[in-house]
Amino acid sequence: MPGFLSLAEAARRIETRDLSPVELLTDCLRRIEAVDDRLCSFVTLTRERALAEAKAAEAAIMAGRYRGPMHGIPYNLKDIFETRGIRTTAQSKQLADHVPERDCDAQERLSAAGGVLLGKSATWEFAHGGPSWDVLFPPCRNPWDLEKDPAGSSSGSGASVAAGMVLATMGSDTGGSIRGPAAANGIAGLKPSYGRVSRRGVLPNCFSHDHAGPLAWTVEDVAILLGIVAGHDPRDPGSADRPVPDYRAALTGDVRGLRIGVPWRWIEEELPASAPTRAALDAALDVFRGLGATVQPVSLPPLQDYEDCKKIIAVAELFSIHARQLRETPELFGASLRFRIIAGGLVRAETYVQAMRQRSTLARRMQAALAEVDVLMLPTGEPAKVLKPVPPETLFTRRSYTTAFNVGGNPALALCMGFDAEGMPFSLQIVGHLFDEATVLRAGDAYERATPWRQRRPALVA
Amino acid sequence: MSEDTTPEELTVLAKQAGLDQLPEAYRAELLAAWRQVAQMAARIPQARPYADEPAHIFDPARFTGEG
């Protein structure tokens with residue numbers, strides 16, 4: 001068995017024919033069979049299809065037709081990414097029998113790159129309501145501790161990568177749903193710039209803030225995936241027609257002269273980080289200083305302003321998406337999602353437009369603050385806590401370090417920043433200028449090279 | 001409307017939203033959720049310059065493909 005491999009390591013071995021895609025897939029299936037009945041990271045497993053794709057990849061590679069680093073790599077997709085002929089449920093009873101006729105853009109690109117689709121991963125209902133015990137599937141758990149929360153909404157994506165069941169996955173992020181699970185599961189996850197990755201075929205949460213993006217074990221893996229899924233899609237009206245650089249080539253390990261801004265007022269006053277998280281952040285900043293970067297404070301508008309703006313827009317758009325089902329079959333929603341969207345029908349048009357005008361203001365202030373530095377750094381959140389139902393109003397009242405960057409549309413990367421006393425991961429968030437994912441990834445990769453955190457895997461699947 | 005919305009006021013709002021046929025249990029959810037949303041809505045700044053554009057300006061070139 002090949003053991004735990006990053007995507008990049010597996011790709012190197014597959015390219016040199018030191019590792020068979022079938023052997024790699026078999027190892028992933030072995031882990032799934034061993035623990036996923038307890039982890040619940042997959043909602044649909046496409047074993048036979050994956051075996052066929054792995055065998056086809058192996059044959060192609062042996063015949064000299066190697067396609068690149070995704071060729072023969074097992075991956076899954078969050079179950080809001082539509083897949084032709086494969087049930088796509090959004091974890092909702094509303095879509096229990098939904099079998100799409102077309103693939104989403106991401107699946108088209110990953111399949112064309114030679115990837116092996118192993119199934120669909122658990123999500124919060126429609127990527128918004130959770131964790132829930134009254135929806136189509138049980139909630140996913142955290143492979144570092146099955147009693148802990150893997151965060152959402154891309155829960156299964158984060159957990160399955162950390163557990164070595166797949167080497168790559170795609171999630172979506174409307175307020176932190178890639179970065180939260182990446183953080184809780186101790187892996188890397190990138191919310192790209194708004195428009196960088198097509199959302200075509202991804203069931204919507206909130207059109208104005210939805211981002212699709214990759215999660216994987218390392219930042220290098222995320223760079224590989226972004227290079228595959230990024231690019232203009234004229235069939236997504238939010239897609240940006242911008243050149244896609246070679247993200248992997250940007251991973252030089254060199255961050256000398258990098259200017260890092262830290263929004264201390266958020267971290268110390270508005271949403272105070274716990275002492276262990278603050279210590280982990282300080283240690284990470286010291287690592288960057290040691291690598292030749294500089295650190296300075298930056299001032300951003302209050303977190304609450306971003307939260308209010310995002311949530312008013314989101315609740316109105318969510319209602320418009322689910323209005324018919326709320327009127328006709330409200331009992332088929334989980335209580336968490338229903339509570340979070342039902343009042344959107346009462347938001348007045350004036351309020352929605354004013355929130356959109358406020359977004360313009362907040363986004364400009366975000367870009368102005370970033371003009372002074374190359375990247376922002378801050379925690380992604382706190383280490384995972386026990387998985388349990390949360391009061392439904394929590395979504396409206398809680399603040400996060402992630403939502404502001406959905407409002408701004410900036411690229412934001414979460415990566416492992418060490419472990420707490422209970423063995424749960426800390427996570428560092430690195431935020432960049434619009435469409436400058438390359439600098440964000442370069443900084444994250446340099447940090448991973450300088451720290452030992454990628455050497456530890458969950459004991460559950462050892 | 002504010003976070004002090006009464007059940008009677010909610011009846012009017014729910015009808016406008018096409019939610020007047022909701023089962024009673026869900027009407028309680030709607031009221032509780034609306035009180036949360038109303039607090040956020042009240043914090044969105046209202047006074048703006050006339051030409052302060054929202055963040056979703058229509059770009060016709062993005063809607064030329066199949067419908």
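Which residue with a positive phi follows α1(A)? Select R17(A): its phi is near 65 degrees, and it comes right after that helix.

Before moving on, a word on the ground rules. This is a predicted model, in which local features need pLDDT of at least 70 and side-chain atom pairs count only at pLDDT 80 or more, while totals for chains, interfaces and linings use all residues. Residues are numbered from 1 along each chain as its sequence is written, chains are lettered from A and ligands numbered from 1 in the order in which they are written, and side-chain values use heavy atoms, with hydrogens and water left out.

**Stop 1: chain A as a whole**

Show chain A as a cartoon and you will find 15 helices and 11 strands; helices (H or I, at least four residues) and strands (E, at least two) are DSSP runs, numbered from the N terminus. Along the principal axes, its C-alpha atoms fill a box of roughly 60 × 60 × 45 Å. The radius of gyration of chain A is 20 Å, which agrees with the value near 23 Å for a compact globule of 462 residues (taken over C-alpha atoms; the globule rule is 2.2 Å times the number of residues to the power 0.38). Of those 462 residues, 66% are buried, where buried means under 20% relative accessible area, exposed over 50% and partly exposed in between, with a 1.4 Å probe and protein chains only. Contacts (heavy atoms within 4.5 Å) reach across the sequence: among those between residues at least 6 apart, 80% join residues at least 24 apart.

**Stop 2: helix α1 of chain A**

Now select residues 7-15 of chain A, helix α1, and colour L7(A), A8(A), A10(A), A11(A) and I14(A), which are buried. Look down the helix axis: these buried residues line one face, because they fall within an arc of 160 degrees (the arc is that of the directions from the helix axis to the C-beta atoms). An α-helix has 3.6 residues a turn, so residues three or four places apart point the same way. To see what covers them, add α2 (21-39), α3 (47-62), β4 (168-173) and α7 (219-229) of chain A, which are included in the cover.

While you are here, pick R12(A) in this helix. R12(A) is partly exposed, with a relative accessible area of 43%. Leaving out residues up to four places away in sequence, R12(A) touches E220(A) and R248(A). P69(A) is 57 residues from R12(A) in sequence, yet 7.5 Å away in space, C-alpha to C-alpha.

**Stop 3: rings around W266(A)**

Next, show the aromatic side chains. The structure holds 7 aromatic pairs over all chains; rings of Phe, Tyr and Trp (its six-membered ring) pair if their centres lie within 6.5 Å, and planes under 30 degrees apart count as stacked, over 60 as edge-to-face and the rest as tilted. One of the pairs is W266(A) with Y306(A), edge-to-face at 6.2 Å centre to centre and 75 degrees between the planes. That pair links helix α8 (residues 264-270) to helix α10 (residues 303-328), with W266(A) and Y306(A) 40 residues apart. W266(A) is buried at 1% relative accessible area, and Y306(A) is buried at 0%.

W266(A) also pairs with F405(A): their centres are 5.9 Å apart and their planes at 50 degrees, so this pair is tilted. Because F405(A) lies in helix α14 (residues 404-408), the pair ties together parts 139 residues apart in sequence.

**Stop 4: a cluster and two arginines**

Select W144(A), F419(A) and W453(A), which ring pairs link into a cluster. Add R456(A), whose charged end sits over the ring of F419(A), 4.0 Å from its centre; the criterion is NZ of Lys or CZ of Arg within 6 Å of the ring centre and within 35 degrees of the ring normal. R457(A) lies over the face of W217(A), at 3.7 Å from the ring centre.

**Stop 5: the loop between β3 and α5**

Zoom to the loop between β3 (116-121) and α5 (155-162) of chain A, where P131(A) is found. The peptide bond from G130(A) to P131(A) is cis, with omega near 0 degrees. Another cis bond runs from G152(A) to S153(A), with omega near 10 degrees. A127(A), with a positive phi near 60 degrees, is in this loop too.

**Stop 6: helix α1 of chain B**

Finish at residues 7-16 of chain B, where L10(B), L13(B) and A14(B) are buried. They fall within an arc of 100 degrees, so they line one face of the helix. On the other side, E8(B), K15(B) and Q16(B) are exposed.
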